[in-house]
Amino acid sequence: MMQVTVDITKRDVFLVSLAMIPRLKGNWIFMGVLALAIFVLVLVTRTPDTLYSLGVAAVAALGGALGGGLSALTINVATMLLKLDAGNPMLGRHHYALTDTGLELRAGSQDSMLPWASIASVRRLSGYIVFRLNGNGVFLLPRRAFSSGEAFQAFSREACALKGA
């Protein structure tokens with residue numbers, strides 16, 4: 001059984017959130033739908049008569065979708081960080097243990113045993129091991145919790161192997 005203890009900070013949550021943004025399919029769908037809606041709005045309100053004006057409409061739609069996506073991202077991250085106060089169970093000391101049956105987690109006064117079937121994926125992401133749960137939850141384990149890069153790699157390999165078994 002491999003185990004590790006670490007203090008999770010707001011910075012950890014912020015960095016993992018940023019690293020996950022381009023990897024989540026829903027973000028790309030949101031941007032695509034927003035770009036399409038802006039493009040249709042431009043077509044309806046300013047019927048382009050040349051290929052150049054059609055290209056300008058397409059660029060405006062992409063720029064508007066990028067601006068809208070960045071605005072939504074900023075609002076979501078700011079809201080998340082404001083909600084993470086000292087009493088939040090996501091922050092603070094966490095103890096993780098890998099077992100054949102699942103991931104044991106102790107955080108504050110809460111003890112959990114997550115069977116491997118309830119974990120959607122285990123992957124390394126920007127210096128973190130991220131346990132993504134079926135549904136909406138995530139547990140993260142920063143590289144600094146380990147004494148060496150080899151220990152970090154070994155824990156990650158073991159978690160992936162147990163998840164895949």
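This is a short tour of a predicted model, stop by stop, with a selection to make at each one.

**Stop 1: the four-stranded sheet**

Start by selecting residues 2-8, 92-98, 102-107 and 110-115, which are strands S1, S2, S3 and S4. Together they form an open sheet with the order S1-S2-S3-S4, paired in the antiparallel sense. S1 and S4 are the edge strands; each has a single partner, so one side of each is left without a neighbour in the sheet. From one strand to the next, the twist averages 15 degrees.

Now walk across the sheet, one pair at a time. S1 and S2 are antiparallel and share seven bridges. For a landmark on this pair, show aspartate 7, which stands opposite arginine 93 in S2.

Stay on S2 and colour by accessibility if your viewer allows. How many of its seven residues are buried? Five are, which leaves S2 mostly covered.

Next comes the step from S2 to S3. A hairpin of three residues links these two strands, and their antiparallel pairing runs over five bridges. Select leucine 98 and you will find leucine 103 of S3 opposite.

The last pair here is S3 with S4, antiparallel and joined by six bridges. Leucine 105 is a good residue to label, with serine 112 of S4 standing opposite. Keep leucine 105 displayed, since it returns at the next stop.

**Stop 2: the three-stranded sheet**

Move on to residues 119-125, 128-133 and 138-142, which are S5, S6 and S7. This is an open sheet with the order S5-S6-S7 and antiparallel pairing. S5 and S7 form its edges, each pairing on one side only. Neighbouring strands are turned by 15 degrees against each other on average, with direction ignored.

Six bridges hold S5 to S6 in an antiparallel pair, and valine 122 stands opposite phenylalanine 131 of S6.

Between S5 and S6, zoom in on the loop that holds serine 126. What is the sign of its phi? Serine 126 has a positive phi of about 50 degrees, although it is not a glycine. As background, most residues other than glycine have a negative phi. Serine 126 counts as exposed because its relative accessibility is 56%, above the 50% cut-off.

Then select phenylalanine 139, in S7, and show its contacts. Setting aside neighbours within four places in sequence, phenylalanine 139 touches Tyr96, Leu105, Leu114, Ile129, Val130, Phe131 and Leu133. Among these is leucine 105, the residue you labelled opposite serine 112. For a distance check, pick the C-alpha atoms of phenylalanine 139 and threonine 74: they are 22 Å apart, with these positions 65 residues apart along the chain.

**Stop 3: helices on the three-stranded sheet**

Add residues 10-20, helix H1, to the view. H1 lies across S5, S6 and S7 and runs at about 75 degrees to S6. Add residues 149-164 as well, helix H4, which packs on the sheet and touches S5, S6 and S7. The direction of H4 makes about 155 degrees with that of S5.

**Stop 4: the helix pairs**

Two packed helices are described by the angle between their axes and the distance between the axes. Keep H1 and select residues 51-83, helix H3: the two pack at an angle of about 160 degrees, with axes 11 Å apart. H1 is therefore roughly antiparallel to H3. The crossing of this pair is right-handed. To see the contact, show Lys10, Val13, Phe14 and Ser17 of H1 against Val77, Met80 and Leu81 of H3. By type, these residues are five nonpolar, one polar and one charged.

For the final selection, bring in residues 25-45, helix H2, alongside H3. Their packing angle is about 140 degrees and their axes are 8 Å apart. H2 and H3 are therefore oblique to each other, and their crossing is right-handed. On the H2 side, show the contact residues, including Phe30, Met31, Leu34 and Phe39; on the H3 side, include Ala57, Ala61, Gly64 and Gly68. How many of the residues in this contact are charged? There are no charged ones: the contact of H2 with H3 divides into 17 nonpolar and three polar residues.

Terms used. Residues are numbered from 1 along each chain as its sequence is written. This is a predicted model: local features need pLDDT of at least 70, side-chain atom pairs count only at pLDDT 80 or more; totals for chains, interfaces and linings use all residues. Side-chain values use heavy atoms; hydrogens and water are left out. Two strands pair if DSSP finds at least two bridges between them. Axes are lines fitted to C-alpha atoms, for helices over the stretch in contact, and angles run from 0 to 180 degrees between N-to-C directions. Contact means heavy atoms within 4.5 Å. Buried means under 20% relative accessible area, exposed over 50%, partly exposed in between (1.4 Å probe, protein chains only). Angles under 35 degrees count as roughly parallel, over 145 as roughly antiparallel, 65 to 115 as roughly perpendicular and the rest as oblique. A crossing is left-handed if the near helix is turned anticlockwise from the far one by less than a right angle, and right-handed if clockwise. Ala, Val, Leu, Ile, Met, Phe, Trp, Tyr, Cys and Pro count as nonpolar, Asp, Glu, Lys and Arg as charged, and the others, Gly among them, as polar.
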